[in-house]
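Trainee: I would like a close look at one part of this model, the shell around the ligand. Please take me through what builds the shell and what lies around it.

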Amino acid sequence: MTATAGENLRADFSAVDGYNGVNPAFVNRGWLRQSPFRPPDCLKPMSNATVTFADIEAAAARIAPHAHGTPLLRSASLDAIAGCRLLFKCENFQRAGAFKFRGACNAVWSLSDAVAVRGVVTHSSGNHGAALALAAKTRGIPAHVVVPEGAVATKVAAIRAYGATVHTCAPTLAARDAMASGIERATGATMVHPFTNMAVIAGQGTAALELIRKAGAIDSLIAPVGGGGLIGGSAIAAKALVPRIRIFAAEPEGAADASESLRRGERVTDLVPDTLCDGLRAAIGAINFDLLREHAVQALLASDAETVAAMRLLWERLKIVVEPSSAVALAAIVRHREHFAGRRVGVILTGGNVDLDHLPWSG
Ligand SMILES: Cc1ncc(COP(=O)(O)O)c(C=O)c1O
């Protein structure tokens with residue numbers, strides 16, 4: 001049994017808005033701004049391109065008819081435990097159960113009709129695969145998702161349930177890339193990479209945009225980091241709205257490539273991940289690493305044991321279902337509390353797709 005999306009949720013949190021402290025330096029550059037319908041090449045990874053605050057605002061408008069506005073929750077008891085004021089952006093209530101729908105939806109709805117009709121393709125055995133499948137369904141176009149043999153059955157079932165064609169490959173990067181490229185060539189489908197795609201990064205930034213527009217100026221923002229699509233988009237949005245904000249990336253000790261990359265000053269891609277946080281096992285992307293450095297993002301580690309304890313606290317105190325890849329953010333705050341003491345801290349709780357038959361605290 002899997003807890004997936006809050007598909008019926010219609011959270012209305014448009015009431016608190018009006019924050020307009022936009023840093024003009026972020027407004028007028030970049031490619032997404034130029035047209036609401038971009039040519040497909042722009043949706044492929046571009047190492048020398050950039051995503052702007054205007055791109056994120058455009059993404060927010062583009063996905064608004066399809067994505068949920070997610071609630072912002074607070075808990076006095078969690079504030080007391082963490083020693084700061086926490087504002088939880090609950091993306092576990094997003095469609096398909098994770099923030100990933102924002103980026104996938106922006107990518108799908110950025111395609112011209114002529115390109116979209118050929119469909120989209122990605123490789124992901126997790127939340128991005130399901131999100132892209134659902135985003136394609138909202139547009140009535142085909143989706144192909146390449147998953148490795150042995151992928152978690154409940155996640156693959158979710159991808160299928162949203163209508164995508166699942167293609168199974170050997171569990172190696174080479175096999176995965178070869179199969180995805182073959183599908184691109186055979187079908188003309190557009191590749192939507194889980195975290196280096198510009199439209200995906202812009203879409204992921206809309207969660208932080210909503211958070212800050214609702215909460216007003218916050219001192220710090222923390223989000224988990226895997227490939228870095230979320231933290232990259234979040235940093236762009238948050239720094240544009242609150243230039244003095246401090247941005248933190250929460251990362252499992254067993255997948256510490258972003259921390260290690262920042263420490264060494266170059267991207268580290270050869271660490272073998274070993275963590276319960278299945279959404280955070282990817283190595284940080286090149287453009288994503290550049291965004292971390294550009295926005296002075298600081299990475300904070302947490303152990304899996306700390307993450308499970310934080311997950312349990314979130315279930316118990318907020319009364320919501322979150323997955324380990326979300327809970328790592330609270331774990332990092334509690335472990336590194338000196339960075340947050342007394343501050344107003346935005347926390348992106350990224351998803352709630354857990355296998356309820358295998359909860360990490362039930363042995
Ligand atoms: C629940 C959850 N949180 C965080 C992440 C990390 O996102 P990113 O790869 O954009 O860093 C993922 C990625 O799959 C995820 O599924």
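**The shell around the ligand**

Mentor: Start with the domains. Domain 1 (2-42 + 50-99 + 198-355) and domain 2 (101-191) each give at least three residues to the shell around the ligand. Keep in mind that this is a predicted model.

The ligand has 22 residues around it. Gly-226, Gly-229, Gly-279, Thr-350 and Gly-351 are the closest. By class, twelve of the shell residues are polar, eight are nonpolar and two are charged.

Now the helices. Three of them supply at least two shell residues each: helix 5 (127-139), helix 9 (229-241) and helix 13 (324-335). Helix 9 gives the most, three residues.

Follow helix 9 and helix 5 away from the ligand. Both pack against the buried residues of helix 3. Helix 3 covers residues 100-110, and eleven of its eleven residues are buried. The buried set includes charged side chains, Lys-100 and Arg-102 among them. It also includes Phe-101 and Trp-109. Other packing partners of these buried residues are helix 1 (53-63), helix 8 (198-215) and strand 4 (120-123).

Strand 4 leads to a sheet. Four strands make up this open sheet, in the order 6-5-4-7, with parallel pairing. Its edges are strand 6 (165-169) and strand 7 (190-191), each pairing on one side only. Strand 5 (residues 143-148) pairs with strand 6 over five bridges, in the parallel sense. Along that pairing, Pro-148 stands opposite Cys-169 of strand 6.

Step back to the whole chain. The chain holds 13 helices and twelve strands. Of its 363 residues, 54% are buried. Take the contacts between residues at least 6 apart in sequence: 76% of them join residues at least 24 apart.

Last, confidence. The chain has a mean pLDDT of 88, and 87% of its residues reach 70 or more. Residues 1-48 are another matter: pLDDT stays under 50 there. The model still has 107 contacts beyond four places in sequence for residues 1-48. Where pLDDT is low, predicted coordinates should not be read in detail. Apply that to residues 1-48, where pLDDT is under 50.

Definitions and conventions. Residues are numbered from 1 along each chain as its sequence is written. This is a predicted model: local features need pLDDT of at least 70, side-chain atom pairs count only at pLDDT 80 or more; totals for chains, interfaces and linings use all residues. A residue is near a molecule or strand if its C-beta atom, placed from the backbone, lies within 6 Å of it. Domain bounds come from an automatic or database domain assignment. A residue is buried if 20 or more other C-beta atoms lie within 10 Å of its own, exposed if 12 or fewer, and partly exposed in between; C-beta atoms are placed from the backbone. Two residues are in contact if their C-beta atoms, placed from the backbone, lie within 7 Å. pLDDT is the predictor's confidence in each residue, from 0 to 100. Two strands pair if DSSP finds at least two bridges between them.
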